[in-house]
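Please find below a short note on the structure, set out as numbered points. It is written to be read alongside the sequence and the model.

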Amino acid sequence: MNKWLKIIIIITIILCTILIIKNFMKTDYKKEESGNNKNIKEIEEYMLNINSYKAKIKVTVKSNKNVNFYELEQEVTVNKTKQIATSPEDLKGIEITYENGTLQIKNTQYNLSKIYNNYPYIANNDLFLTSFIEEYRQAKNKEIKEENNKIKMSFKSEESKYDNNKILYINKSTLKPENLKIFDINNDCKVDIVYNEIEFNI
């Protein structure tokens, strides 16, 4: 066989191999980008099985008189909840920890601490994602559906006019929460939580 013909055949084989590899990588990337293929029921089950997480959140709290903004770091496990304020400046470093019936409030900037024993209800805090999940699990009037390319979990409570309706918006691809809104009986949004970062089941 002619020497140049051999070289042309080898180059052709190499080019074909490169094209196949590039095509394979592109296909694999698309699969990764497309996210999950779970149906609504499977997504609901997935969310209901979350019992621990770490998150960085931005919180807007509206009252009749004013609006307050907070930035918090949360760490929640089965036996312990911890919340640290990172903003505003006057609350920065305030750390609230609840574990085995003991509530501890600590100011890390001034090394001050106060402990309360037999304090069982701090885990039922509207700011915690696990509280929403537990309330959703027990709610009679609840719904999960796809809306505007997001998964929307919601329920209505008959017990309180201040947090009458709660809605959690979830990224369809990553299955990570993006936003939790809490409405009063007049359908005014009183608490708006944005999840900047979140990691499940730590």
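How many bridges join strand β1 to strand β2?

1. The model is a predicted one. Strand β1 (residues 53-62) is joined to strand β2 (residues 67-76) by 10 bridges, and the two strands run antiparallel. Together, β1 and β2 make a hairpin, with four residues between them. One point of this pairing can be located by residue: Y53 has V76 in β2 as its bridge partner.

2. Strand β1 also pairs with strand β11, again in the antiparallel sense, over nine bridges. Within this pairing, V59 has I193 in β11 as its bridge partner. Strand β1 is therefore paired with β11 as well as with β2, since two strands pair if at least two bridges are found between them.

3. Strand β2 contains Q74. Is Q74 buried or exposed? Its relative accessible area is 3%, so Q74 counts as buried, the limit being under 20%. The side chain of Q74 has polar contacts: one of 2.6 Å joins Q74 to the side chain of Q83. In addition, a polar atom of the Q74 side chain lies 2.8 Å from the backbone oxygen of L127.

4. The surroundings of Q74 may be described further. Leaving aside residues up to four places away in sequence, Q74 touches Y53, K54, A55, I57, K82, Q83, L127 and F128. This list includes Q83, the partner in the side-chain polar contact, and L127, whose backbone oxygen was mentioned above.

5. The next topic is the aromatic residues. The structure holds three aromatic pairs. In one of them, the ring centres of Y46 and F200 are 6.2 Å apart and the ring planes stand at 70°, so this pair is edge-to-face; the cut-off for that class is over 60 degrees. The pair connects distant parts of the chain, because Y46 belongs to helix α2 (residues 40-48) and F200 to strand β11 (residues 189-200), 154 residues apart. The two partners fall into separate accessibility classes: Y46 is partly exposed at 32% relative accessibility, whereas F200 is buried at 14%.

6. Another aromatic pair is formed by F132 and Y136, and this one is stacked, with 6.2 Å from centre to centre and 25° between the planes. Both residues lie in helix α3 (residues 129-138), four residues apart, which is about one turn of the helix. F132 and Y136 are both buried.

7. What do the ring pairs link F132 and Y136 into? They form a cluster with F155. Y136 has a further neighbour: K142 lies over the face of Y136, at 5.2 Å from the ring centre.

8. A last point concerns K38, which is found in the loop between α1 (3-33) and α2. At 37% relative accessibility, K38 counts as partly exposed. Not counting residues up to four places away in sequence, K38 touches I43 and L175. K38 and L175 are 137 residues apart along the chain, and their C-alpha atoms are separated by 9.7 Å.

Terms used: Residues are numbered from 1 along each chain as its sequence is written. This is a predicted model: local features need pLDDT of at least 70, side-chain atom pairs count only at pLDDT 80 or more; totals for chains, interfaces and linings use all residues. Side-chain values use heavy atoms; hydrogens and water are left out. Rings of Phe, Tyr and Trp (its six-membered ring) pair if their centres lie within 6.5 Å; planes under 30 degrees apart count as stacked, over 60 as edge-to-face and the rest as tilted. Buried means under 20% relative accessible area, exposed over 50%, partly exposed in between (1.4 Å probe, protein chains only). A charge sits over a ring if NZ of Lys or CZ of Arg is within 6 Å of the ring centre and within 35 degrees of the ring normal. Contact means heavy atoms within 4.5 Å. A polar contact is a pair of N or O atoms within 3.5 Å; within protein, one must be able to donate a hydrogen and the other to accept it, and residues adjacent in sequence count only if both atoms are side-chain atoms.
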